[in-house]
Amino acid sequence: MPGHVLHWVDERTGLDRLRAAMRHKLVPVHRHSRWYYCGGLALLFLLVQFLTGILLTVYYRPGPQAHASVQRIVQDIPSGRWVHSVHVLAADGMIACLLLHLASTFFMRAYRRPRELTWLCGLALLAVTLTAGFSGYLLPLNERSYAATQVGLRLLAEVPAAGRPLADALLGGAEMSEETVHRFFALHTLILPNLMILLVLVHLALVQAHGLSTPPGQASPPGGHGRFLAYWPDFARRETLVWVTALSLLLVAAAFYTPDLGAPADPLKPTPLGIRPEWYFMPAFQMLRLLGRWLPGAGSEVVGMVAFGMAALGGVLVPFLDGGSDRPRRARMIRWLGVAFLAVATLLAGWGYLSSLAQVN
Amino acid sequence: MNAQPDAGGSAVTRRDFSGALLGAASAAYAASLALPVCRYLAAGSEAGGPEVRQVVLPKAAVQVAPGSVLYFTLGHEPGLLIHHSDDTWSAFGAYCSHLRCTVLYQPESDRFFCPCHEGVFDPRSGQNLAGPPAHPLERLDVAVNGEDLLISRIG
Ligand code: HEM
Ligand code: FES
């Protein structure tokens with residue numbers, strides 16, 4: 001009977017082709033295979049964000065009650081504290097997985113022909129996800145998020161050409177206000193999630209179309225056996241196990257972790273000492289501080305903008321600069337640039353935490 | 001139809017031409033939709049109203065000990081009034097000229113400090129002294145008018 005139903009559906013949807021594709025999809029097995037879980041984990045966290053986000057919108061109120069409404073969710077609504085914590089932790093988890101996913105596809109050089117667009121689509125997803133983190137940060141309208149949004153919008157306004165109008169459209173007035181919270185709310189809950197669904201579908205379609213790449217140096221010898229795993233059911237089984245483990249860890253961690261809601265934003269108070277952004281913006285933040293120290297005044301602004309621009313441009317150009325297998329020296333140079341970038345970003349982040357701590361002590 | 005097949009490929013075919021025309025028309029169509037959307041989104045920015053140039057603070061309400069500051073609103077922006085330890089007063093826009101965090105006064109080192117990227121300003125002139133800020137704080141004029149303090153923008 002169910003067979004009939006399946007057949008009926010297949011005939012009208014072509015879903016059988018998708019299932020056949022899953023069955024034929026192969027996952028390369030090699031020393032670095034475990035990194036293939038990162039993209040999927042980011043997807044898991046994204047789904048968690050959708051579900052908990054929808055739950056939060058039930059009680060969240062943008063506008064003057066923004067802070068009070070989050071406080072109500074956390075303090076008065078049954079299980080509210082947990083839902084809120086899951087949303088906050090899964091955001092961090094998603095970005096952490098994305099960064100690992102990016103680093104692993106970078107070091108495995110999975111971006112090479114014909115996967116350049118997969119890489120670019122991934123970068124777009126990263127940008128959209130970081131924007132989601134930035135816009136979500138303002139929603140509870142506390143002291144920290146007020147300052148962070150001022151800084152973020154000012155930086156955006158300095159981007160040549162489109163920056164200014166975009167920042168104005170987000171600000172929704174001469175100054176930051178409740179109007180801004182409304183616009184960020186629309187961005188965070190309507191625009192960005194839909195954009196993400198679209199981009200994830202394109203990203204996954206591209207992955208499906210090209211199959212997973214085998215990193216250079218890990219290719220199976222001609223006629224070799226056992227170097228691939230069928231996606232269905234072998235890899236899917238392991239991936240399910242990874243998902244269930246990650247989900248359970250997240251849910252339990254959220255039960256024990258209460259994010260600090262902070263004091264409500266007050267435009268008539270100075271920015272609190274020890275202010276710092278979310279961890280994933282820490283390297284950029286500390287870079288601005290250091291540039292200001294070493295190169296006071298206008299110079300630091302220009303150098304900062306150029307550095308941000310070069311990092312973004314560098315990411316976009318990676319697949320096109322890697323010369324492929326006949327240009328091993330270029331490939332090595334790109335890898336070392338990647339290592340250097342990672343090292344500098346980590347160093348800056350650590351330094352940033354220390355200097356924010358030093359301010360309060 | 002007197003179909004005259006194109007010789008070579010250099011000549012512009014009717015298909016190329018109508019394709020370009022269609023492309024241009026679509027772009028114009030999209031642009032004509034973008035304009036009202038942009039105007040719609042920008043509307044909030046004008047809702048700020050005219051710039052507020054002056055605030056009046058009743059002296060009785062200004063309880064600021066020497067060596068401390070009072071924050072007030074000037075239109076939509078925060079301003080700060082500082083009572084120096086030698087009993088003089090100055091006022092400034094409180095936004096850091098770098099990226100708009102709100103500066104604080106540190107009496108122990110007698111300076112304005114911006115916690116965001118560690119900008120430093122002089123508490124009497126508003127001059128940027130250290131860190132990323134490239135401009136001074138906006139200086140405001142302080143005048144006494146009977147029982148009121150008048151704080152106004154300069155220029
Ligand atoms: C919401 C964000 C993202 C999701 C949900 C996602 C999901 C996935 C999934 C499930 C895969 C297949 C398995 C794997 O390698 O993990 C994949 C592959 C890939 N992703 Fe992403 N990804 C995202 C963002 C990114 C980012 C930020 C980049 C880098 C710029 C990127 C670049 C790639 C590349 C190059 C592949 C092909 C890997 C290969 O063929 O070996 N993706 N993605
Ligand atoms: S905002 Fe004040 S130093 Fe950057």
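Trainee: What makes the pair formed by a polar side-chain atom of His203(A) and a nitrogen atom of ligand 1 a polar contact?

Mentor: The two atoms lie 2.8 Å apart, and because a polar contact is a pair of N or O atoms within 3.5 Å (within protein, one must be able to donate a hydrogen and the other to accept it, and residues adjacent in sequence count only if both atoms are side-chain atoms), the pair qualifies. This is a predicted model, in which local features need pLDDT of at least 70 and side-chain atom pairs pLDDT 80 or more, while totals for chains, interfaces and linings use all residues. Residues are numbered from 1 along each chain as its sequence is written, chains are lettered from A and ligands numbered from 1 in the order in which they are written, and side-chain values use heavy atoms, with hydrogens and water left out.

Trainee: Which residues have an N or O atom that pairs with an oxygen atom of ligand 1?

Mentor: A polar backbone atom of Gly39(A) is 3.1 Å from an oxygen atom of the ligand, and an N or O atom in the side chain of Arg115(A) is 3.3 Å from an oxygen atom of ligand 1.

Trainee: How do you know which residues surround ligand 1?

Mentor: A residue counts as near the ligand if one of its heavy atoms lies within 4 Å of it, and 23 residues surround ligand 1, the closest being Tyr36(A), His101(A), Gly122(A), His203(A) and Ser213(A). Helix H6 (116-138) of chain A gives the most to this shell, with six residues; helices here are DSSP runs (H or I, at least four residues) and strands likewise (E, at least two), numbered from the N terminus. The shell divides into 13 nonpolar, nine polar and one charged residue, where Ala, Val, Leu, Ile, Met, Phe, Trp, Tyr, Cys and Pro count as nonpolar, Asp, Glu, Lys and Arg as charged, and the others, Gly among them, as polar.

Trainee: Why is the pair of Arg144(A) and Asp260(A) called a salt bridge?

Mentor: The N to O distance between the side chains is 3.6 Å, and since a salt bridge is a side-chain nitrogen of Lys or Arg within 4 Å of a carboxyl oxygen of Asp or Glu, the pair meets the rule. Arg144(A) lies in helix H7 (residues 143-158) and Asp260(A) in the loop between helix H10 (231-256) and helix H11 (282-294) of chain A, so the pair ties together parts that are 116 residues apart in sequence.

Trainee: What makes Asp260(A) exposed and Arg144(A) partly exposed?

Mentor: Buried means under 20% relative accessible area, exposed over 50%, and partly exposed in between (1.4 Å probe, protein chains only), so Asp260(A) at 60% is exposed and Arg144(A) at 26% is partly exposed.

Trainee: What makes the salt bridge of Arg100(B) and Glu175(A) one that joins two chains?

Mentor: The side chains meet at 3.0 Å, N to O. Arg100(B) lies in the loop between strand S4 (89-93) and strand S5 (104-106) of chain B and Glu175(A) in the loop between H8 and H9 of chain A, so the pair joins two chains. Arg100(B), at 15% relative accessible area, is buried, and Glu175(A) counts as buried at 7%.

Trainee: How do you know that the buried residues of helix H4 (residues 66-75) of chain A are on the same side of the helix?

Mentor: The buried residues are Ala66(A), His67(A), Ser69(A), Val70(A), Ile73(A) and Val74(A). They cover an arc of only 165° around the axis, which puts them on the same side of H4(A), the arc being that of the directions from the helix axis to the C-beta atoms.
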